[in-house]
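This briefing sets out the main architectural features of the structure shown below. The points are grouped by topic, beginning with the sheets and ending with individual residues.

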Amino acid sequence: MSNLPRRKFLQQTALATAGLSLSGSLLANPISIFSANDTVNFGVIGCKGMGWANIQAHLKLPNINCIALADIDQRVLDERSAQIKEISGKAPTQYKDYRKMLENKDIDAVIIGTPDHWHCLNMVDALQADKHVYVEKPLANSIEECNVMLDAGRKYNKMVQVGQWQRSGKHYDDAIKYVQSGELGQIRLVKCWAYQGWMNPVPVKPNSTPPDGVDYQMWLGPAPDRPFNENRFHFNFRWFWDYAGGLMTDWGVHEIDIALYAMGAKAPKSILASGGKFAYPNDASETPDTLQTVYEFEDFNLLWEHATGIDGGNYGRTEGIAFIGNNGTLVVNRDGWEVIPEGENKNDEWVTKTKRIDLITPQGNALENHAENFVSAIRVNDSSKLTCGVETGSIAAITAHMGNIAYKTGKKLYWNAESGSFEDAEADALVRANYHNGWKLPKV
């Protein structure tokens with residue numbers, strides 16, 4: 001055992017104890033066994049924004065290393081590599097092509113922080129390379145990709161955590177338990193919203209050449225081949241349909257996820273959306289800056305709404321979820337949760353139908369909790385321990401994409417859960433992923 005890493009020894013011991021030959025099929029995809037003292041080696045695909053935030057959260061945990069970074073921008077690679085070296089004492093290996101990084105057998109898990117249109121390829125390739133995966137939200141840029149990723153998550157014996165980190169916030173958990181307690185009475189409407197006052201118009205800019213050190217063709221990947229434009233690159237890619245779904249998928253998956261989980265709901269019966277570029281009609285973005293979407297479920301409606309450039313959201317909050325019941329309303333967001341009771345006049349006395357609960361503020365860091373949950377699930381090799389596994393991520397992302405499809409078609413759409421389609425040719429065309437530049441939708 002002296003020349004064999006401890007966890008590899010444990011893998012082989014576990015197989016031998018089970019009476020399995022080490023040359024058998026299971027060795028091609030062995031069960032990873034990590035003790036609390038074993039080091040878990042991470043790689044990051046897409047290191048600029050949330051990829052960087054996520055690896056920082058993981059590196060705060062014991063026995064976690066970042067040994068590899070993949071990005072199409074050499075300046076980002078150099079900057080993050082220097083920062084990792086400052087944190088851990090050793091610079092990670094750099095890759096411009098993530099597929100080369102996945103060949104590194106020392107990597108146990110990867111964080112995917114690329115634009116949405118890359119998530120499906122990145123995740124499936126990582127799973128097929130025998131890596132655990134932490135993938136940023138939304139899960140994918142189309143419903144078809146979500147389904148492929150769900151199939152991949154079920155097929156491969158790996159942990160997949162989706163970056164909807166509100167699921168790991170204790171105050172969200174407490175709020176959900178209260179909603180499910182019945183104290184609010186019959187819940188008839190759930191409101192979810194994101195009003196983002198910090199978002200300014202995206203100025204129109206001419207096409208240009210990619211910055212030095214940027215592999216722009218690799219950045220495009222399966223998206224349509226277009227000339228480089230600064231507006232479509234780092235961060236602002238979110239507001240262009242080729243790469244993402246606007247605030248509906250950027251913020252919507254966070255809030256809709258909590259709403260659906262609390263209500264025990266999955267697929268809506270119908271979807272209706274209306275909105276447009278009302279605030280900044282002439283800026284460079286494509287996705288709507290103002291949108292309202294109504295989802296019909298069996299015994300309640302869910303309303304999503306977003307707006308850019310203003311902060312005046314519901315209940316005085318820029319973002320949140322409100323569960324509106326006959327006895328009262330629970331409002332929760334990243335600042336905490338409270339209950340606002342309904343009341344009635346009885347014999348000239350105002351009587352509330354449930355107890356008022358003043359704002360309960362959060363404790364701890366939910367993003368760091370989310371990272372810890374992912375690593376804990378890896379160590380015990382149990383996907384049921386994940387607070388936001390691939391199925392959870394797929395439900396939120398698919399629901400958000402339904403809203404965008406309803407907006408694009410301008411129709412009230414009806415979802416057939418059995419067939420997994422709208423049974424409307426125009427809408428179903430938007431369910432599908434369209435890959436370009438020689439890239440193909442992964443097969444599982």
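**Overview**

In this predicted model, six strands form an open sheet with parallel pairing, in the order β3-β2-β1-β4-β5-β6. A further open sheet consists of nine strands with mixed pairing, ordered β16-β13-β12-β11-β7-β10-β9-β8-β17. Selected residues, including D116, P138, Y315 and N437, are then considered for their location.

**The six-stranded parallel sheet**

- Order and edges: in the sequence of strands β3-β2-β1-β4-β5-β6, the edge positions belong to β3 (93-95) and β6 (160-162), each of which pairs on one side only.
- Twist: from one strand to the next, the twist averages 20°.
- Helix α2 (residues 50-59) packs on this sheet and touches β1 (40-45), β2 (64-70), β4 and β5. The direction of α2 makes about 160° with that of β2.
- Helix α3 (residues 74-88) also packs on the sheet, where it touches β2 and β3. The direction of α3 makes about 165° with that of β2.
- Strands β4 and β5 run parallel and are joined by four bridges. Within this pair, V110 stands opposite V133 of β5, and the bridge partner of I111 in β5 is Y134.
- Strand β5 (residues 132-135) is covered on both faces. H132 and Y134 point to one side and V133 and V135 to the other, and all of them are buried.

**Burial of helix α2**

- Seven of the ten residues of α2 are buried, leaving the helix mostly covered.
- The buried positions are G51, W52, N54, I55, A57, H58 and L59.
- The elements covering these buried residues include strands β1, β2, β4 and β5, together with helices α3 and α11 (366-380).

**The annotated N-terminal region**

- An unreviewed UniProt entry places the feature "domain: Gfo/Idh/MocA-like oxidoreductase N-terminal" at residues 40-163.
- Over residues 40-163, the chain is 43% helix and 22% strand. The C-alpha atoms at the two ends of this stretch are 19 Å apart.

**The nine-stranded mixed sheet**

- Edges: β16 (357-360) and β17 (413-414) stand at the edges of the β16-β13-β12-β11-β7-β10-β9-β8-β17 arrangement. Each has a single partner strand, so one side of each is left without a neighbour in the sheet.
- Strand β7 (residues 187-196) runs antiparallel to strand β11 (residues 319-325), and seven bridges join the two. In this pairing, K191 stands opposite A322 of β11.
- Helix α7 (residues 170-180) packs on the sheet, touching β7, β11, β12 (328-333), β13 (336-341) and β16. The direction of α7 makes about 160° with that of β12.
- Helix α10 (residues 252-263) packs on the sheet as well, touching β7, β9 (290-296), β10 (301-308) and β11. The direction of α10 makes about 25° with that of β11.

**D116 and the cis peptide at P138**

- D116 is found in the loop between β4 (109-112) and α5 (119-128).
- Although D116 is buried, it has no salt bridge. The nearest side chain of opposite charge is that of R238, 6.4 Å away.
- Apart from neighbours within four places in sequence, D116 is in contact with K137, P138, A140, N141, F237, Y243, A244, G245 and T249.
- Two of these contacts, K137 and P138, are joined by a cis peptide bond with omega of about -10°.
- P138 has its place in the loop between β5 and α6 (143-155).

**Positive phi values outside glycine**

- Y315 lies in the loop between β10 and β11. Its phi is near 55°, a positive value in a residue other than glycine.
- Y315 counts as partly exposed because its relative accessibility is 36%, which falls between the 20% limit for buried and the 50% limit for exposed residues.
- N437 is placed in the segment after α13 (425-431). Phi of N437 is near 60°, again a positive value in a residue other than glycine.
- N437 likewise has a relative accessibility of 36% and therefore counts as partly exposed.

Notes
Residues numbered from 1 in each chain as written. Predicted model: local features only at pLDDT ≥ 70, side-chain atom pairs only at ≥ 80, totals over all residues. Heavy atoms only, no water. Pairing = 2+ DSSP bridges. Contact = heavy atoms within 4.5 Å. Axes fitted to C-alpha atoms, helices over the stretch in contact; angles between N-to-C directions. Buried < 20%, exposed > 50% of the residue type's maximum accessible area, 1.4 Å probe, protein only. Lys, Arg positive; Asp, Glu negative; His and termini not counted. Salt bridge = Lys/Arg side-chain N within 4 Å of Asp/Glu carboxyl O. UniProt positions renumbered as here; feature names shortened; annotations may be inferred.
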